[in-house]
Structures are given as structure tokens and as C-alpha cells.
Amino acid sequence: MAGVVNMIWTWQMVQPASFNKETKETTPGKLEKKQIPAPQLQPGEVLVEVAGCGVCHTDLGYFYDGVPTVSKPPLTLGHEISGVVVAGEQAWIGKEVIIPAVMPCRKCILCKTGRGNRCLDQKMPGNSLASYGGFSSHIPVPSVDLCEVKNRGNIPLSHLAVVADAATTPYQASKRADLQPGDNVAVIGITGGVGQYMGQMAKALGAKTVVGIARNQEKLNRALKFGADVVINSTDKDAGAISKEFRGLCKERGLPGTGWKIFEVSGSKPGQEIALGLLSFTGKLIVVGFTMAKTEYSIGRLMAFDAEIIGTWGCLPEYYPIVLDMVLSKKINIEEFVEVRPMSSIAETFAGAHKSPPMKRIVLTPDF
Ligand SMILES: [Zn+2]
Ligand SMILES: [Zn+2]
């Protein structure tokens with residue numbers, strides 16, 4: 001581990017997904033195992049030996065759906081990274097760290113006004129951090145935003161990779177929602193990679209009631225053990241049917257019909273329709289998931305409801321230690337939601353996760 005690292009092993013996306021206009025066929029990207037020279041580290045940079053890198057829906061979007069990356073291929077994907085600092089700034093060497101998925105520039109007006117999570121000059125491994133990404137043996141990163149891991153007990157460092165993205169995004173979303181103890185919360189897509197932490201996060205921050213809405217019953221049952229107080233299976237139901245079921249549930253449990261904080265995490269049109277259907281008087285809808293689909297809504301209702309719709313992006317690096325503490329103190333469970341596989345399985349893992357969302361977040365550990 002220690003000593004000089006001259007070369008970095010990596011799984012590069014040498015070719016992005018491409019779309020043939022004539023045949024209407026999408027050809028997925030191409031992965032190749034490569035060795036690249038380790039860069040000369042600049043002041044303020046460190047080299048991290050990767051312990052684990054999570055496979056995120058965003059990676060699959062780049063690889064299969066033609067979502068463009070900022071740095072053009074060849075580049076290495078992967079932005080959910082934990083590891084150990086092995087070179088660079090002396091003060092960091094030997095420390096275990098989580099690398100934030102988005103690292104703000106710290107110079108622009110957004111960064112200076114507390115909105116650095118949406119900094120337009122931010123760097124994201126596996127997208128805009130030159131050609132470097134987490135599906136590698138090592139990665140060079142700026143040290144300023146690293147989150148140090150201390151006293152992790154029996155939780156493997158590789159598992160903590162999920163803090164870099166899946167577990168932190170819900171914290172930022174909760175901040176945007178001004179989530180307060182005693183709030184009532186609905187999470188649409190509570191079974192997904194981010195959704196499962198959204199439910200847990202809302203509960204950990206003191207939500208009185210968390211209603212989880214999604215389609216996979218097995219995962220909904222799991223959500224009931226981790227965050228959700230009650231769940232609604234949305235399979236074959238439209239937004240109207242869900243709203244009716246939701247109102248019935250409120251009545252049954254003596255819950256108010258006003259002031260709900262609704263987190264749309266599914267990033268799907270049906271999910272957005274459900275969320276908009278639930279938005280009512282003095283409510284807030286927080287859009288956490290992304291889709292290109294257009295959803296129709298009569299925005300005059302916002303006026304009548306005195307309600308809000310808010311978007312949220314990523315998570316400020318300064319919140320990472322708070323989320324890490326919630327994970328290490330078991331307020332948020334990650335162990336039930338993580339599966340570790342060797343990094344050499346990357347091609348099969350991508351293909352499998354693309355075909356059907358896995359039960360657990362898959363974290364790949366380097367085995368070059
Ligand atoms: Zn991600
Ligand atoms: Zn900035």
C-alpha cells in the first residue's frame with residue numbers, strides 16, 4: 001500500500017453509449033482494463049487507494065443511455081468512493097476517507113453563498129474530474145473536501161462508499177425541505193438506491209410519519225424495517241388511486257391533510273404524477289430524482305395550496321461528517337443495503353443492474 005505509486009489500474013469506458021438514428025438502436029459503452037500513469041500531484045491534492053466504489057444509476061445512464069459525461073471517453077466512471085490516502089499532502093497520508101461525489105470550486109458566487117452543492121464548476125469523479133473515476137486502484141483528488149473516517153467499528157471501509165452519494169443526497173434534500181422533527185413525510189421511490197436512505201434519513205431527523213411508496217413489495221417490506229412507518233404498493237395504480245389510498249390512510253391514522261413534505265426520488269414520470277397528486281395545502285414537493293420526461297401540472301394549484309415545489313442536487317461536502325456520524329451511530333443502516341463484488345465483475349455487474357435494479361447497492365472493490 002505505502003510507497004510510491006507510479007501506475008494506476010483502472011476500468012475505463014473507452015467508448016460511450018451511442019444511438020443509431022436509422023436503426024434506432026443504442027449500443028452500450030465499452031469497458032477496458034487499462035494501466036495509466038499516476039499523475040504528478042499538485043499542491044492540495046492527494047492520491048487515494050480505492051477501498052470501494054458504488055455502482056450508481058448515474059453510471060448506468062452514461063454507459064447505456066447516452067447521457068453525456070463532461071470529460072469525454074476514454075474516462076473511468078464511478079463517483080461513490082471510499083479509500084485510504086497513500087500520497088500527497090503529508091497530513092492526510094494513511095487516513096481513511098470518503099470522497100464527496102461532487103466537489104465545489106469554492107470560488108464562485110454559488111459556493112460563497114452556501115449553494116456550493118450546485119456549483120457549476122464542481123468536479124465529479126467519473127464525470128468531470130479529468131478522466132479519473134472510482135472504478136480504479138487509485139484516484140487523485142483535491143484534499144479540501146475529503147471526509148475523514150474515524151472509529152468505523154466493524155463497518156468495512158468499502159461499504160462506507162455509499163455515504164459519498166446515496167446516503168448524503170437525502171440529507172441535502174432534507175435541508176432543502178427544511179425538514180423538522182414532527183413533520184409528516186412521503187417518499188416516492190423509497191425502494192431505490194437513494195430512496196431507501198431518504199426514508200431512513202427523514203426518520204432519523206425526527207419525522208413523525210414516513211409513508212413509503214413504490215412497487216417492489218419485497219423492498220417495501222424492508223423499508224418498513226428501516227424508516228417507513230407505512231407503505232403503499234403503487235403497482236398498477238394511477239396517481240388518483242394513490243391519492244385516495246393516501247387520504248384514507250391519513251384518516252385512519254389521524255394524520256393531518258396539510259403540511260406534508262413529499263420527496264420524489266423515483267425519477268420517473270409516474271412517480272412525479274403521484275407526488276404532484278399528493279401535494280396539498282402548505283405542502284412541499286422536493287424533486288430528488290431526475291427524468292427527461294415532461295409531467296403536466298396546473299401550477300395555479302401552488303397558489304391555492306400555498307405550496308412549494310423545490311429541486312435539490314447532490315450534497316455539500318460540509319454535511320458529509322454529519323451523515324457519516326449518522327451511519328456510524330447506526331441511526332442510518334447501510335449494512336442491509338450493500339453488496340460487495342470484485343471490480344473485475346464490472347461488466348456483468350453493469351449489465352445485471354441495467355437489466356433489473358438490484359436488491360442492494362453494489363460496491364466494487366479493486367482486484368487488479
Ligand atoms: Zn450517483
Ligand atoms: Zn463554485
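Student: Which residues does Gly134 touch, once those up to four places away in sequence are set aside?

Tutor: In this predicted model, Gly134 touches Val50, Cys53, Thr76, Leu77, Gly78, Ile81, Ile139 and Met343. Gly134 itself is found in the loop between α2 (109-112) and β9 (138-142).

Student: What makes Gly134 buried?

Tutor: The relative accessible area of Gly134 is 0%. Buried means under 20%, and Gly134 is therefore classed as buried.

Student: How far apart are Gly134 and Glu49 in sequence and in space?

Tutor: They are 85 residues apart in sequence, whereas their C-alpha atoms are 9.7 Å apart in space.

Student: Which residues have the most contacts inside the largest nonpolar core?

Tutor: They are Phe135, Ile139, Val141 and Phe350, in a core of 41 residues. Strand β5 (residues 45-54) supplies the largest share of this core, 5 residues. Apart from this core lies another of 31 residues, including Val84, Phe226, Tyr319 and Leu324.

Student: What does Phe350 contact beyond its neighbours within four places in sequence?

Tutor: Phe350 is in contact with Leu31, Val55, Asp59, Leu60, Phe63, Tyr64, Leu77 and Phe135.

Student: Why is α6 called oblique to α7?

Tutor: The axes of helix α6 (residues 239-253) and helix α7 (residues 269-278) cross at roughly 45 degrees and come within 9 Å. Angles under 35 degrees count as roughly parallel, and 65 to 115 as roughly perpendicular. The angle of roughly 45 degrees belongs to neither class, and α6 is therefore oblique to α7. The crossing is right-handed.

Student: Which residues of α6 and α7 meet, and how are they classed?

Tutor: Ala239, Ile242, Ser243 and Phe246 in α6 meet Glu273, Ile274, Gly277 and Leu278 in α7. By class, this contact has 5 nonpolar, 2 polar and 1 charged residues. Gly277 is counted as polar, because Gly is placed in that class.

Student: How do you know that α3 and α4 are oblique to each other?

Tutor: Helix α3 (residues 169-176) and helix α4 (residues 195-204) pack at an angle of about 50 degrees, with axes 8 Å apart. That angle lies between the limits of 35 and 65 degrees, so the pair is oblique. The crossing of α3 and α4 is right-handed.

Student: Which residues make the contact between α3 and α4?

Tutor: From α3 come Pro170, Tyr171, Ala173 and Ser174, and from α4 come Tyr197, Met198 and Met201. By class, the contact has 6 nonpolar, 1 polar and no charged residues. Pro170 is counted as nonpolar because Pro belongs to that class.

Technical notes
Residues numbered from 1 in each chain as written. Chains lettered and ligands numbered in written order. Predicted model: local features only at pLDDT ≥ 70, side-chain atom pairs only at ≥ 80, totals over all residues. Heavy atoms only, no water. Core = buried A, V, L, I, M, F, W, Y, C linked by side-chain atoms within 4.5 Å. Buried < 20%, exposed > 50% of the residue type's maximum accessible area, 1.4 Å probe, protein only. Helix = DSSP H or I, 4+ residues; strand = E, 2+ residues; numbered from the N terminus. Contact = heavy atoms within 4.5 Å. Axes fitted to C-alpha atoms, helices over the stretch in contact; angles between N-to-C directions. Parallel < 35°, antiparallel > 145°, perpendicular 65-115°, else oblique. Left-handed = near helix turned anticlockwise from the far one by under 90°.
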